[in-house]
Amino acid sequence: MDELYKEFEKLTRNHEPFLAAGIMMAQAMKIYKAMLSEDEFKLMTEHILESRDSILEVEKPTLQ
C-alpha cells in the first residue's frame, strides 16, 4: 500500500493537485463499480459520503 501511495505521489507531483485528485477519485469510483455488487457499491458510496467530515487535510507544501 505504501509503495502504491508513493507511486501516486510521484505521478501527481508535477500536476495540478485538484485535477489529479479528481482523476484519482473518478478512477476509484470506476473500480468500485466494476468490482462490487450493486448493494456493496451503494454501501461504499454511502460510507464515503457519511465520513466526509472525518477526512483529514493533507499538509500543504511550504517553501523552505
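Visitor: What volume does the largest pocket have?
Guide: Keep in mind that we're looking at a predicted model. Rolling a probe the size of a water molecule over the atoms shows where empty space is left. For the largest pocket, that volume comes out at about 1500 Å³.

Visitor: Which elements give two or more residues to the lining of the largest pocket?
Guide: The lining of that pocket takes in 27 residues. Elements that put two or more residues into it are helix 1, helix 2 (17-35) and helix 3 (38-50).

Visitor: And which element gives the largest share of that lining?
Guide: Look for the element that supplies eight lining residues, since that is the largest share. The element in question is helix 2.

Visitor: Which residues lie nearest the centre of the largest pocket?
Guide: Of the 27 residues in the lining, five names stand out by their place at the centre. They are Y5, F8, A21, M24 and V58.

Visitor: How do the lining residues divide into nonpolar, polar and charged?
Guide: Ala, Val, Leu, Ile, Met, Phe, Trp, Tyr, Cys and Pro go in the nonpolar group, so that is the rule to sort by. Sorted like that, the lining of the largest pocket has four polar residues and six charged ones, and the nonpolar ones number 17.

Visitor: Let's go to the surface. Which residues make the nonpolar patch?
Guide: The patch covers about 380 Å². Helix 1 (residues 2-12) gives the most to it, with three residues. The makers of the patch are L4, F8, L11 and M24.

Visitor: Is L11 buried or exposed?
Guide: L11 is found in helix 1 and is one of the residues of the nonpolar patch. Exposed means over 50% relative accessible area. L11 has 52% relative accessibility, so it counts as exposed.

Visitor: How many salt bridges does the count come to?
Guide: Side chains of opposite charge can pair when their charged atoms come close. Here E7 meets K10 in a salt bridge, and K33 meets E38 in another. The count comes to two.

Visitor: What separates E7 and K10 in helix 1?
Guide: Their side chains meet in a salt bridge at 3.6 Å, N to O. E7 is partly exposed at 36% relative accessible area, and K10 is partly exposed too, at 49%. The two are three residues apart in helix 1, so what separates them is about one helical turn.

Visitor: What is the N to O distance in the salt bridge of K33 and E38?
Guide: K33 is partly exposed, with a relative accessible area of 41%. E38 counts as exposed, at 54% relative accessibility. The side chains of K33 and E38 meet at an N to O distance of 3.1 Å.

Visitor: Now some C-alpha distances. What separates the C-alpha atoms of R13 and D39?
Guide: R13 lies in the loop between helix 1 and helix 2, and with 57% relative accessibility R13 counts as exposed. R13 and D39 are 26 residues apart along the chain, and their C-alpha atoms are separated by 36 Å.

Visitor: What about the C-alpha atoms of L36 and E9?
Guide: L36 has its place in the loop between helix 2 and helix 3, and is partly exposed at 25% relative accessibility. Along the chain, L36 and E9 are 27 residues apart. The separation of their C-alpha atoms is 26 Å.

Visitor: Which separation do the C-alpha atoms of E9 and A28 show?
Guide: E9 belongs to helix 1, and counts as partly exposed at 39% relative accessibility. E9 and A28 are 19 residues apart along the chain, with their C-alpha atoms separated by 16 Å.

Visitor: Finally, what separates the C-alpha atoms of E3 and A34?
Guide: E3 is found in helix 1, and is exposed with a relative accessible area of 69%. Along the chain, E3 and A34 are 31 residues apart. Their C-alpha atoms are separated by 24 Å.

How values were computed: Residues numbered from 1 in each chain as written. Predicted model: local features only at pLDDT ≥ 70, side-chain atom pairs only at ≥ 80, totals over all residues. Heavy atoms only, no water. Patch = residues over 30% accessible without salt bridge, like charges linked within 9 Å, V, L, I, M, F, W, Y side chains within 5 Å. Areas by Shrake-Rupley, 256 points an atom, 1.4 Å probe, with all protein chains shown as cover. Salt bridge = Lys/Arg side-chain N within 4 Å of Asp/Glu carboxyl O. Helix = DSSP H or I, 4+ residues; strand = E, 2+ residues; numbered from the N terminus. Buried < 20%, exposed > 50% of the residue type's maximum accessible area, 1.4 Å probe, protein only. 1 Å grid on protein atoms, 1.4 Å probe; cavity = no way out; pocket = protein on both sides within 12 Å on 5 of 7 lines; lining within 4 Å. Points joined across faces, edges and corners; volume = space filled by probe spheres on them.
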